[in-house]
Amino acid sequence: MQLNASKIIYSGNISLYTEDYQKTFNEIGEFAVAQGGFVQNSSSSCADQTENVETNSGYLTIRVPSTKFNESMKEIETYGTVISSSINSTNISQEYQDIKGQLDNLKIEEARLQGYLNQAVSLGDLLQIESELNRVRTEIDKRTTLIKNWDTEIAYSTIYISVYEKVLGASSIVSPFSGFVQKLTEGFIASINFLLNIIAVLILLFVRLIPFVAILGIGYLIYRKVRQFKKKKNL
């Protein structure tokens, strides 16, 4: 069976560094639309120290006409410094033809069953033919949907894009006192907590030693009484 080389699904992955994240992010979306495609999905994460996010970054999945796939990949790579880039292609010609052949056979079977249904006389025959007809139509719907999805994948290539904004370089001035007051406060609180912990341990140790101190005190008193008694007896 001759394979149809036009039944190829293309996809690409591009990761970029950019000086201006938001500008690049918007340009990619606008470019996809200008090519007759669209943005399938996108997400952004903005720099926020409270959320431990140090730089702006985002992800886009765009769809462009497959006839413009290669030039779209090259154009998007010019929007920043390329970290990585890759292209993947999947030839589904064999699977496509198999499913198309199954669909054609199912449609022939559907027409045949429809003819039997029109000629059926008994209720039992009607129910049996309708059940089989429903099964065949369900299989037709599945294959029709699969072929439509494949046609869309073939017509519109997918490009997955990751965009990262460059972190400030060494030539930029970064204040060493950034967050100094907060760090000083946290250090002071940590010292107080450490001191309180030591005091708590000492108090607990003192309470635990009270019974031993009492026993030692009583023993000492007894010892003194015994010594005094012996002194008086010797006199």
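Which residue in S4 is the bridge partner of Ser-15? Keep that question in mind while you get your bearings; the tour comes to it at the second stop.

**Stop 1: the whole chain**

Start with everything shown as a cartoon, and remember that this is a predicted model. You should be able to find 5 helices and 5 strands. Following the chain along its sequence, they come in the pattern β-α-β-β-α-β-α-α-β-α. Of the 235 residues in the protein, 24% are buried. If you switch on contacts between residues at least 6 apart in sequence, 78% of them join residues at least 24 apart.

**Stop 2: strand S1 and its two partners**

Select residues 8-18, which form strand S1. This strand is mostly covered, with 8 of its 11 residues buried. Now add S4, residues 81-91. S1 and S4 run antiparallel and pair over 10 bridges. Here is the reply to the opening question: Ser-15 has Ser-84 as its bridge partner in S4.

Next, bring in S5, residues 156-165. S1 pairs with S5 too, in the parallel sense and over 8 bridges. To see one of these bridges, pick Ile-14, whose partner in S5 is Ile-161.

**Stop 3: Ile-161 and the core around it**

Stay on Ile-161 and show its surroundings. Beyond its neighbours within four places in sequence, it is in contact with Ile-14, Ile-28, Gly-58, Tyr-59, Leu-60, Ile-62 and Ile-76.

Ile-161 also belongs to the largest nonpolar core, which has 17 residues. Colour Ile-28, Ile-62, Ile-76, Ile-159 and Ile-161 to mark the members with the most contacts inside this core. The elements giving two or more residues to the core are S1, H1, S3, H2 and S5. H1 supplies the largest share, 5 residues. Apart from this core lies another one of 15 residues, including Ile-9, Leu-113, Ile-147 and Trp-150.

**Stop 4: helix H1**

Select residues 21-34 for helix H1. Its 14 residues reach 20 Å from the first C-alpha to the last, close to the 20 Å expected at 1.5 Å a residue. Show the side chains and find the buried ones: Tyr-21, Thr-24, Phe-25, Ile-28, Gly-29, Phe-31 and Ala-32. Turn the view so that you look down the axis of H1; the buried residues fall within an arc of 160°, so they line one face of the helix. On the other side, Lys-23, Glu-30, Val-33 and Ala-34 are exposed.

What lies over the buried residues of H1? The cover includes S1, S2, S3, H2 and S5. Before moving on, click on Gly-36, just after the helix, where phi is positive at about 90°.

**Stop 5: helix H2**

Now go to residues 69-77, helix H2. Phe-69, Ser-72, Met-73 and Ile-76 are buried here. Look down the axis again: these buried residues fall within an arc of 100°, so they line one face of H2. A general point helps with this view: an α-helix has 3.6 residues a turn, so residues three or four places apart point the same way. Among the elements covering the buried residues of H2 are S1, H1, S3, S4 and S5.

**Stop 6: helix H4**

Select residues 123-155 to show H4, a helix of 33 residues. From first C-alpha to last it reaches 47 Å, close to the 48 Å expected at 1.5 Å a residue. Its buried residues are Ile-129, Leu-133, Val-136, Ile-140, Arg-143, Ile-147, Trp-150 and Ile-154. The cover over them includes S1, H3 (residues 93-119) and S5. Two of these residues, Ile-147 and Trp-150, are members of the 15-residue core.

**Stop 7: two loop residues**

Find Asn-56, in the loop between S2 (38-45) and S3 (57-65). Is Asn-56 buried or exposed? With a relative accessible area of 18%, Asn-56 is buried, because the cut-off for buried is under 20%. Show its side chain together with that of Glu-165, and you will find a polar contact of 2.7 Å joining them.

Finish at Lys-166, in the loop between S5 and H5 (180-234). At 38% relative accessibility, Lys-166 counts as partly exposed. Its C-alpha is 5.9 Å from that of Thr-18, although the two residues are 148 apart along the chain. Leaving aside neighbours within four places in sequence, Lys-166 is in contact with Tyr-17, Thr-18, Glu-19 and Thr-81.

Terms used:
Residues are numbered from 1 along each chain as its sequence is written. This is a predicted model: local features need pLDDT of at least 70, side-chain atom pairs count only at pLDDT 80 or more; totals for chains, interfaces and linings use all residues. Side-chain values use heavy atoms; hydrogens and water are left out. Helices (H or I, at least four residues) and strands (E, at least two) are DSSP runs, numbered from the N terminus. Buried means under 20% relative accessible area, exposed over 50%, partly exposed in between (1.4 Å probe, protein chains only). A polar contact is a pair of N or O atoms within 3.5 Å; within protein, one must be able to donate a hydrogen and the other to accept it, and residues adjacent in sequence count only if both atoms are side-chain atoms. The expected span of a helix is 1.5 Å times one less than its number of residues. Contact means heavy atoms within 4.5 Å. A nonpolar core is a set of buried Ala, Val, Leu, Ile, Met, Phe, Trp, Tyr and Cys residues joined through side-chain atoms within 4.5 Å. The arc is that of the directions from the helix axis to the C-beta atoms. Two strands pair if DSSP finds at least two bridges between them.
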